[in-house]
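User: I'd like to learn how to read a few features of a protein model. Could you walk me through them one at a time?

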Amino acid sequence: MKILFVCTGNICRSPMAEGILRNKLTLAGLGDETDSCGFESFHTGDHPDKRAHTVSRKYGIDISAHVARLFRKQDFDNFDRIYVMDSSHYYNVSRMARSEDDMKKVDYLLNLLYPLSDMPVEDPWYHDIQAFERTYLQLDAACDILVEELKSYNKDKL
């Protein structure tokens with residue numbers, strides 16, 4: 001399965017989620033793939049925010065090689081699930097969807113933790129390193145659930 005995380009600039013939340021999930025997939029021996037992107041062109045080509053990198057590194061996750069990119073319509077073709085961080089991302093993804101099938105792939109990431117809540121992942125960009133820590137922990141908890149779902153999915157495929 002291929003998983004895509006979407007946020008605003010693709011320099012904080014979504015690359016942290018991508019790094020967390022990639023690490024968890026490796027540790028679980030799963031071959032699923034993950035990527036991330038955003039909607040703010042200002043950061044295209046940038047590496048993650050230093051605070052996101054610092055907090056991720058604290059937990060053994062290296063996101064330093066990540067380069068921000070924009071969400072594209074073909075992401076609907078390339079990914080099985082698309083997780084957004086908040087309502088603005090959901091709206092932006094839905095505007096680019098070509099069909100109901102495209103939108104069936106899209107959900108709020110924290111719905112894994114709090115089903116049907118459509119809760120946003122905290123945007124740490126405007127805050128201090130503690131906000132990045134809180135965001136990391138939210139992402140980590142959601143990715144734990146996602147890995148369990150992927151284990152079940154992969155087991156059922158056999």
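**Reading the model step by step**

Analyst: Happy to! Ser 56 sits in helix H2, which covers residues 50-58. Keep in mind that this is a predicted model.

User: Is Ser 56 buried or exposed?

Analyst: The general idea is that a residue under 20% relative accessible area is called buried. Ser 56 has a relative accessible area of 0%, so Ser 56 is buried. Leaving out residues up to four places away in sequence, Ser 56 touches Met 16, Ile 61, Ile 63 and Tyr 136.

User: Where is His 43, and what is it in contact with?

Analyst: His 43 lies in the loop between strand E2 (33-38) and H2. His 43 counts as buried because its relative accessibility is 12%, under the 20% cut-off. Beyond its neighbours within four places in sequence, His 43 is in contact with Gly 9, Ile 11, Ala 68 and Trp 125.

User: Which residues line the largest pocket?

Analyst: His 43 appears again here, and the lining also includes Gly 9, Ile 11, Arg 13, Glu 40, Asp 123 and Trp 125. The pocket holds about 160 Å³ of space. Sorted by class, its lining has five nonpolar, four polar and three charged residues.

User: How many aromatic pairs are there?

Analyst: A pair of aromatic rings is described by the distance of the centres and the angle of the planes. The count here is five aromatic pairs. Ring pairs join Phe 39, Phe 71 and Phe 76 into a cluster.

User: What lies over the face of Trp 125?

Analyst: That is Arg 51, at 5.4 Å from the ring centre.

Terms used:
Residues numbered from 1 in each chain as written. Predicted model: local features only at pLDDT ≥ 70, side-chain atom pairs only at ≥ 80, totals over all residues. Heavy atoms only, no water. Helix = DSSP H or I, 4+ residues; strand = E, 2+ residues; numbered from the N terminus. Buried < 20%, exposed > 50% of the residue type's maximum accessible area, 1.4 Å probe, protein only. Contact = heavy atoms within 4.5 Å. 1 Å grid on protein atoms, 1.4 Å probe; cavity = no way out; pocket = protein on both sides within 12 Å on 5 of 7 lines; lining within 4 Å. Points joined across faces, edges and corners; volume = space filled by probe spheres on them. Nonpolar A, V, L, I, M, F, W, Y, C, P; charged D, E, K, R; others polar. Phe/Tyr/Trp six-rings, centres within 6.5 Å; stacked < 30°, edge-to-face > 60°. Lys NZ or Arg CZ within 6 Å of the ring centre and 35° of its normal.
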